Amino acid sequence: SDPSIFFITGRLIIISLSLMSIYLVYKITEAITKDKKSAILAGFLTATSVVHLSRSITGKHWIPIFLFFAFALFCLTHPNWSLKKRFLLASFVTGLGTGVSTIVIMFSIYIALWFWLHEKKTIKELFTDWTLYKSAIVIAGLSIIPILLYPASLGFVPDTTLRNTKTFFGALSSVFMFPRELIFIEPIIMLLFFTGVFFAIKKKEKFFLSSIIFITLYSIIFYLFFRFEQRFLLPIILFLVIGAGFGIKELGTALSKKTFDLLIYSLILITVIISARLSFLGFVNDSRVHTKNWLIEKSAHNEKVIVYANLMRLPNKKEAVLEQEKIDPKSLRTVDQAEKNIRDEIRREFPFYALNLYTVRNENFYKNIRNYAEKEKYKYLIVSKEDFLDDKEQFEQVKSLTKNASLVANFGNSKRHYSLAKSEIGPTIFPLFKIKEFGPEIEIYKLEF
């Protein structure tokens, strides 16, 4: 059966959750600032955020993580609910969110900070008031359920970096190093957030204090247990856009209406241009998709193709999968096994005769790859322009096929840190206006022996 409906449904769900998260940011900011205009602009900043938008384009779990953070904060800041109800619901949402990702449990830190700073509790009350104990029980109880139902959800444990060398200075510097990237990829949000910080110091606004403490602890925890990757910054965006909303409110008070309108409309224009460019590149699609489409358009799908490119494989015929299995039986993945059993006549997508090498690890095969390709009459080579597996010898062996070959097409960009597939846009936004499409640089050669 055609799996397209599965992926389309997944994308629609992520888009819906993304829109819901924007609305929640609006409601939270309105509750904190008591200003509707600031709340609308905070929602707008979320919708045009590079970090938020890039995760909304792909069907991954990061937008649900952001949504659970936002929903928990919405419960915590609801102006018409009692303290007991707010903390119970925020804890319930946090515990529920751990079923999506264990990262959500870190919001429990903010629940404690809110209880201490915003409910004006003393340090003693933090440990004697039963509110936080009840919250902890709810979060712990709900968090254990996903582990009991699906123990493999702890599969991230081997990826932790606890065994790596950590230093006290590294932990302190992580507070600046981790969020630093946002200054260059979310300049408008950061500018307005720091503007809010400036006014908050004068007005003793506690939201900034609790947010900065949370971001500090969040950064240190990721330094100690994990690593710095851009996708981990998404939960921080929630606190930054709300802080930016407060900054907008205070600017409206400090500046004349004409100056304020000119400033805000200018910032809106900049964010629209950046987000529109990102959306356009997402619409243009990935270099790997363009490569496959080129082969189809040139009727090259009737020829034998060798594929050695970063995270790329072509839909395959049974005979090609069997050939790959002979070269390296361990290289077959679930999709390869499925293609061994599916009949070509019931497939909607025309299969290629492709030797997908991205999982093949047979050293003897690579040493003789040129003779093999000539003997088996392969006509095309699809190869990454850079050594994506960090195996120089193997990469050079594959590149030897390009001797006497003709370069017939190429796609992608040289900016390896600009990829929707890897959930990475950075370290600055400027290359977004230079690259023509996302995805690694891929070259297509017509082989000659």
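The protein chain holds 19 helices and seven strands. The model is predicted.

**The chain as a whole**

The table gathers values for the protein chain.

| Property of the protein chain | Value |
|---|---|
| Span of the C-alpha trace along its principal axes | about 80 × 55 × 45 Å |
| Exposed area | about 22,900 Å² |
| Share of the exposed area from carbon and sulfur atoms | 63% |
| Distance between the mean positions of the positive and negative charges | 7 Å |

The chain has 449 residues, and 49% of them count as buried. Contacts also reach along the sequence. Among those with a separation of 6 or more, 78% join residues 24 or more positions apart. The charges come to 57 positive and 39 negative.

**A look at helix H14**

Helix H14 runs over residues 287-297. Which of its residues are buried? They are Ser287, Arg288, Thr291, Lys292, Trp294 and Leu295. Down the axis of H14, these buried residues fall within an arc of 155°, so they line one face of the helix. The general rule behind such a pattern is short. An α-helix has 3.6 residues a turn, so residues three or four places apart point the same way.

What covers the buried residues of H14? The cover includes three strands from later in the chain: S3 (380-384), S4 (406-411) and S7 (442-446).

After the helix comes serine 299. Its phi is positive, near 60°.

Methods
Residues numbered from 1 in each chain as written. Predicted model: local features only at pLDDT ≥ 70, side-chain atom pairs only at ≥ 80, totals over all residues. Heavy atoms only, no water. Buried < 20%, exposed > 50% of the residue type's maximum accessible area, 1.4 Å probe, protein only. Helix = DSSP H or I, 4+ residues; strand = E, 2+ residues; numbered from the N terminus. Arc of directions from axis to C-beta. Contact = heavy atoms within 4.5 Å. Areas by Shrake-Rupley, 256 points an atom, 1.4 Å probe, with all protein chains shown as cover. Lys, Arg positive; Asp, Glu negative; His and termini not counted. Charge placed at Lys NZ, Arg CZ, Asp CG, Glu CD.
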